[in-house]
Amino acid sequence: MLMTICAITALSYSCKQQVKEESGFQWIVDRFDDIKVLRYQVPGFEELPLDQKLLIYYLNQAALCGRDIIFDQNCRYNLPIRRTLEAIYENYTGDKNSESWKAFEKYLKKVWFANGIHHHYSMDKFQPEFSEAYFDSLVKVTPASAFPQDCGTLEELMATIKPVMFDPSVLPVRVNQKAGVDMLQSSAMNYYEGVSQAEAEGFYAKMANAQAGDPQPISCGLNSKLVKENGKLSEQVWKVGGMYSLAIEKIVYWLTKAAEVANPTQKETIESLISYYKTGDLKEFDAYNIHWVKDTVSHVDFVNGFIETYGDPLGYKASWEGLVNFRNDEATKRTEIISDAAQWFEDHSPIDPQYRKKEVKGVSAKVITAAILAGDCYPATPIGINLPNADWIRKDYGSKSVTIENITYAYDEAAKGNGFQEEFVLRAEDRERMDKYGSLGDNLHTDLHECLGHGSGQLAPGTRGDELKNYGSTLEEARADLFALYYLRDPKMIELGVIPTLDVADAEYASYMMNGLMTQLARIQPGKDVEEAHMRNRKLIAEWCYEKGRAENVVEMVQQEGKTYVVVNDFAKLRDLFGQLLKEIQRIKSEGDFAAGQALVENYGVKVDQKLHDEVLERYAKLNIEPYAGFVNPNYDVVMKDGEIVDVQIEYPTDYVGQMMEYSKNYSFLPSKN
Ligand code: ZN
């Protein structure tokens with residue numbers, strides 16, 4: 001299965017382009033720990049016709065209703081812990097200036113942000129910066145009736161959640177993919193219960209074998225929890241009447257409303273999704289995806305469901321996510337030019353010709369404006385998405401890929417003047433190129449990565465696609481990134497009119513190498529290795545090219561006044577190295593060469609240079625920049641006149657805590673124990 005949500009470097013540098021009249025807009029609404037919370041704008045919403053506004057409104061509601069699901073999927077204690085913290089937060093009347101209260105509030109903000117008690121990116125459990133005794137004192141002054149009532153007595157609730165919150169050795173990591181341990185028993189995610197890795201792998205291998213040779217295989221295990229009861233393995237399916245039913249019923253309710261105002265094509269798509277939610281039948285999920293991917297015309301579009309499998313160490317189970325959006329017609333001209341040339345790109349790819357796709361089908365790409373982020377896409381969100389994930393649907397029907405430009409725009413605006421570039425970019429010529437072309441380079445990288453990169457290439461006969469196991473997603477992201485990097489500096493891009501000069505590529509190359517070799521380390525805790533797939537991929541690419549180009553000094557680590565800088569000396573040769581690595585990673589994927597894939601990732605993508613890491617952390621700390629960002633959503637309200645809806649209004653809240661409390665109040669449907 002492909003894993004295709006990508007949050008490319010959010011460590012963006014200042015960008016002086018696109019200063020619009022709303023430059024007075026407050027982009028940053030909250031900052032805590034390693035997080036900043038931003039707002040994004042939804043330009044063009046007001047001008048949409050009423051039926052599209054309504055469709056967005058109903059789809060938004062459907063998206064927000066799934067919030068509890070992702071909390072429970074991330075760890076089975078997340079809902080009772082979140083609710084306990086919220087009960088305390090809402091009822092507390094004591095000293096709000098004390099260090100302990102501030103630490104409590106910070107912890108709660110982090111739990112909201114991560115959809116649980118583990119960091120959304122590093123996967124490590126948060127350690128509260130307040131004492132257990134302080135927590136006890138807060139519990140004592142909170143009315144017992146405010147706590148979750150479905151976890152036994154208050155004593156039982158506390159006995160359940162306190163070790164999970166305070167004992168660092170309990171459930172320390174959400175997704176553990178370290179080699180040599182039982183990845184399920186050492187991960188806190190809630191996709192398996194009482195099941196060993198070997199048992200789960202055996203269970204799904206059997207299922208995969210049962211559909212061997214089927215040209216339309218279902219995505220085994222995608223929408224269920226695997227449990228062992230009385231020695232027997234069985235799946236608890238997420239559907240109406242099954243696990244997570246109370247939330248899914250609400251989602252279905254709003255989807256039904258959405259279908260009523262949708263155009264005929266989209267109505268069919270939404271109805272097929274509803275049908276899947278009711279049966280939990282993965283064949284119906286495939287049918288829905290086919291409807292969805294074929295609709296490249298509707299202006300409004302959405303993702304709603306169990307989609308990406310990053311949260312499962314074995315890559316079977318999908319987290320719930322929601323995204324509602326509409327097309328940015330002007331910017332989409334750029335992606336259409338690229339997708340129209342898809343076959344040219346495939347034919348000229350620097351990979352072994354036998355692994356090129358003979359016929360590239362149904363590549364559609366657009367630039368979109370997000371209207372709501374939900375589930376696993378909220379508050380931290382991808383900036384590009386390519387779906388569906390099922391290989392056979394992509395092959396037979398194509399895929400849709402999007403670049404979410406109102407989100408990247410918000411990142412750029414919020415990063416203005418934060419001093420990052422001045423601190424980490426040595427040469428004035430690089431800074432100038434980044435100022436001028438960084439934003440375009442980033443967006444084009446996303447376009448190429450999503451629209452062409454993931455869809456390119458083909459497997460050798462006999463290769464199933466899951467051979468690379470826990471290295472699969474890192475290598476897949478590397479493949480897509482390399483495809484994008486390689487073509488970004490192709491003269492074809494100028495010929496097509498999407499870039500005015502190769503300086504666009506050079507800006508992207510310089511920032512990519514700097515990020516991969518150095519600055520992304522700001523996201524790693526001292527002493528830790530790189531774990532997350534996208535970060536491993538960037539490190540792998542940058543380290544490999546650095547090493548292979550060393551004899552010719554293609555990329556240099558320059559020391560100046562005790563500081564390290566990454567400088568690209570030869571952009572053309574760097575492009576050549578990107579092409580060579582793309583060829584090798586395509587071979588690894590096409591042949592399912594696990595040993596070679598493992599060696600690449602372990603040798604180049606994981607281990608952190610301690611000294612460089614310390615330096616980056618120190619320089620980052622001085623700049624006071626948070627390495628992660630996420631978003632609050634706009635609020636949408638219907639305007640009624642004489643019992644009819646006459647408009648949908650949008651407003652941009654500035655209160656992160658307020659939004660989280662509101663969502664917990666209005667969109668929380670699941671019991672604490674599922
Ligand atoms: Zn990707």
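The expected span of a helix is 1.5 Å times one less than its number of residues. Keep that rule handy, because a few helices in this predicted model get checked against it.

**How far to trust it**

Confidence first. The average pLDDT of the chain is 93, and 97% of the residues score at least 70. Residues 1-22 are another story: there the pLDDT is below 50, although this stretch still has 104 contacts in the model beyond near neighbours in sequence. Where pLDDT is low, the predicted coordinates should not be read in detail.

**Three helices against the ruler**

Take helix α8, residues 245-261. With 17 residues at 1.5 Å a residue, α8 should span 24 Å; the C-alpha atoms at its ends are 25 Å apart, so the two values agree. Here is that helix next to α6 and α10.

| Helix | Residues | Number of residues | Expected span | Span in the model |
|---|---|---|---|---|
| α8 | 245-261 | 17 | 24 Å | 25 Å |
| α6 | 154-166 | 13 | 18 Å | 17 Å |
| α10 | 282-294 | 13 | 18 Å | 18 Å |

Now for what these helices tuck away. In α8 the buried residues are S245, A247, I248, I251, V252, W254, L255, A258 and A259. An α-helix has 3.6 residues a turn, so residues three or four places apart point the same way. What lies over the buried residues of α8? The cover includes α1 (50-64), α2 (67-74) and α9 (264-279), along with the strands β6 (300-308) and β7 (319-327).

I248 is a good residue to zoom in on, and it sits in α8. Its relative accessible area is 0%, so I248 counts as buried, the cut-off being under 20%. Setting aside residues up to four places away in sequence, I248 touches I69, W238, K239, V240, M243, Y277 and F306. Its C-alpha is also 9.1 Å from that of F669, a residue 421 places away along the chain.

Helix α6 buries L157, M158, I161, K162, V164, M165 and F166. Those residues pack against α3 (78-91), α4 (99-114) and α5. Over in α10, the buried set is L282, F285, D286, Y288, N289, I290, W292 and V293. Their packing partners are α9, β6, β9 (384-387), α13 (391-397) and β10 (399-404).

**E132, by contrast**

E132 belongs to helix α5, residues 132-140. Is E132 buried, exposed or partly exposed? With a relative accessible area of 36%, E132 is partly exposed. Leaving out neighbours within four places in sequence, E132 is in contact with K162 and F166, and both of those are among the buried residues of α6. L577 is 445 residues away from E132 along the chain, and their C-alpha atoms are separated by 53 Å.

**A crossing of two helices**

Helix α16 (residues 428-453) packs with helix α19 (residues 503-517) at an angle of about 90°, the axes being 7 Å apart. Since angles of 65 to 115 degrees count as roughly perpendicular, that is how α16 and α19 sit to each other. Which residues meet there? From α16 come D430, R433, M434, Y437, G438, L440, G441, D442, L444 and H445, and from α19 come D503, V504, D506, A507, E508, A510, S511 and Y512. Sorted by type, the contact between α16 and α19 has 8 nonpolar, 4 polar and 6 charged residues.

**Backbone oddities in the loops**

Most residues other than glycine have a negative phi, and most peptide bonds are trans. A few spots here go against that background.

Two of them are cis peptide bonds. One joins Y378 and P379, with omega at about -5°; P379 is in the loop between β8 (363-375) and β9. Another joins L387 and P388, where omega is about 0°, and P388 is in the loop between β9 and α13.

Then there are the positive phi values. N115 has a phi near 50° and lies in the loop between α4 and α5. Its relative accessibility is 4%, so N115 is buried. M123, also placed in the loop between α4 and α5, has a phi near 75°, again positive in a residue that isn't glycine. M123 counts as buried too, because its relative accessible area is 13%.

Key: Residues are numbered from 1 along each chain as its sequence is written. This is a predicted model: local features need pLDDT of at least 70, side-chain atom pairs count only at pLDDT 80 or more; totals for chains, interfaces and linings use all residues. Side-chain values use heavy atoms; hydrogens and water are left out. pLDDT is the predictor's confidence in each residue, from 0 to 100. Contact means heavy atoms within 4.5 Å. Helices (H or I, at least four residues) and strands (E, at least two) are DSSP runs, numbered from the N terminus. Buried means under 20% relative accessible area, exposed over 50%, partly exposed in between (1.4 Å probe, protein chains only). Axes are lines fitted to C-alpha atoms, for helices over the stretch in contact, and angles run from 0 to 180 degrees between N-to-C directions. Angles under 35 degrees count as roughly parallel, over 145 as roughly antiparallel, 65 to 115 as roughly perpendicular and the rest as oblique. Ala, Val, Leu, Ile, Met, Phe, Trp, Tyr, Cys and Pro count as nonpolar, Asp, Glu, Lys and Arg as charged, and the others, Gly among them, as polar.
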